[in-house]
Amino acid sequence: MSDNKKQPRNAGVHQKRNDVAANERAVFDNVGLTKRNADYMFRFNRALDKTKLSPEKKAEAVQNMVNELVEGQKSGKTAKNLYGDIDGQVKLVVEGPQHPDAVIGGPDYWPNMAYNALTFFMIFNLMFGLMYLFSPKLLQTSSPVGITAILVSALVAGFILPIMPRMFDPKIKHKYNGWIRALFVLLGFVVWMLLFYAAQLLPPIINPVIGAWPSIILGVLAIVAMFLMRRRYPIRGGFFG
């Protein structure tokens with residue numbers, strides 16, 4: 001008895017789903033699309049519904065594609081010609097287009113490079129300045145870091161850090177795969193450390209240790225410069241963000 005009751009109920013569920021699908025398909029059949037293009041848009045719309053894209057953006061993307069298809073059909077174009085496979089088009093709509101931006105350079109690179117350099121210059125100067133202030137003996141008993149080594153380290157860090165997010169940005173067309181790019185990142189850190197230690201080996205006349213208060217003052221000036229840069233340029237992340 002239960003099987004007899006269950007079967008009609010399941011049949012009703014399937015029928016309801018079929019009706020919904022038919023209604024969704026009819027939407028694209030009635031906007032001037034060919035049968036093949038309407039089928040593409042129906043399947044694309046269903047695939048897009050499975051993403052986390054907002055309803056407004058979904059509707060906008062679908063409408064733009066329908067308009068483009070209706071116009072393209074006049075010259076014999078199809079959805080497959082214009083957009084490729086459905087999965088690829090869904091990814092394009094959700095993630096945005098890939099573009100061949102340079103990993104190094106561009107209008108926002110150099111302000112971010114200078115900002116990151118100032119950030120590390122500030123951190124190192126305040127850190128060593130406070131250490132020397134509260135433990136003056138460190139200037140004699142340890143190997144204090146000179147101002148040239150701090151400056152070199154800050155400049156190299158400023159150059160490398162803006163590259164990091166671009167190396168793994170999915171919207172940028174990358175020449176190398178992820179493993180090679182990760183190796184480049186590791187190599188960048190190695191170069192950073194090598195240049196820092198090389199600068200630290202310079203003679204004191206070129207790499208002087210400037211003491212506690214001068215270091216703290218330079219750190220504070222770097223904070224002021226960072227704040228002014230953030231007000232002037234589109235800085236990504238960092239302090240005062």
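**Figure 1. Aromatic cluster of the predicted model.** Phe120, Phe124, Phe128, Tyr132, Phe189 and Trp192 are joined into a cluster by ring pairs. The structure, a predicted model, contains 7 aromatic pairs. One of these is formed by Phe124 and Phe128, which are stacked, with 6.3 Å from centre to centre and 20 degrees between the planes. Both residues belong to helix α6 (residues 109–134), where they stand 4 residues apart, about one turn of the helix. Phe124 and Phe128 are both buried. Phe128 also pairs with Tyr132: the ring centres are 6.1 Å apart and the planes meet at 20 degrees, so this pair is likewise stacked. Phe128 and Tyr132 are separated by about one helical turn because they lie 4 residues apart in helix α6. Tyr132 is buried, as is Phe128.

**Figure 2. The largest nonpolar core.** This core comprises 29 residues, of which Phe120, Phe121, Phe128, Val145, Ile150 and Trp192 touch the most other members. At least two residues of the core come from each of α6, α8 (147–160), α9 (163–167), α10 (178–200) and α11. Helix α6 supplies the largest share, 9 residues. Leaving aside residues up to four places away in sequence, Val145 touches Phe128, Tyr132, Ile150, Phe196, Gln200 and Val209. Apart from the largest core lies another core, of 17 residues, which includes Tyr40, Met41, Leu69 and Ala79.

**Figure 3. Surroundings of Ala38.** Ala38 is a residue of helix α2 (residues 35–49). Its relative accessible area is 0%, under the 20% limit, and Ala38 is therefore buried. Ala26 precedes Ala38 by 12 residues in sequence, and the C-alpha atoms of the two residues are 8.6 Å apart in space.

**Figure 4. A charged side chain over an aromatic ring.** Arg232 is placed over the face of Tyr233, at 4.9 Å from the ring centre. Arg232 is the final residue of helix α11 (residues 212–232), the helix with the highest mean confidence in the protein, at 92.

**Figure 5. Confidence along the chain.** The mean pLDDT of the protein is 80, and 80% of the residues score at least 70. Confidence is lowest in helix α1 (residues 2–29), where the mean is 55. Residues 1–7 have a pLDDT below 50, and this stretch makes 0 contacts in the model beyond near neighbours in sequence. Residues 11–16 also have a pLDDT below 50, again with 0 contacts beyond near neighbours in sequence. Where pLDDT is low, the predicted coordinates should not be read in detail.

**Figure 6. Overall arrangement, for reference to the close-up views.** The secondary structure consists of 11 helices and 0 strands. In sequence order, the elements follow the pattern α-α-α-α-α-α-α-α-α-α-α. Among contacts with a separation of 6 or more, 72% involve residues 24 or more positions apart. The protein has 241 residues, 33% of which count as buried. Its accessible surface is about 15600 Å², and carbon and sulfur atoms account for 64% of this area.

Technical notes
Residues are numbered from 1 along each chain as its sequence is written. Side-chain values use heavy atoms; hydrogens and water are left out. pLDDT is the predictor's confidence in each residue, from 0 to 100. Contact means heavy atoms within 4.5 Å. Rings of Phe, Tyr and Trp (its six-membered ring) pair if their centres lie within 6.5 Å; planes under 30 degrees apart count as stacked, over 60 as edge-to-face and the rest as tilted. Buried means under 20% relative accessible area, exposed over 50%, partly exposed in between (1.4 Å probe, protein chains only). A charge sits over a ring if NZ of Lys or CZ of Arg is within 6 Å of the ring centre and within 35 degrees of the ring normal. Accessible areas come from the Shrake-Rupley method with a 1.4 Å probe; for residues, only the protein chains shown count as cover. A nonpolar core is a set of buried Ala, Val, Leu, Ile, Met, Phe, Trp, Tyr and Cys residues joined through side-chain atoms within 4.5 Å.
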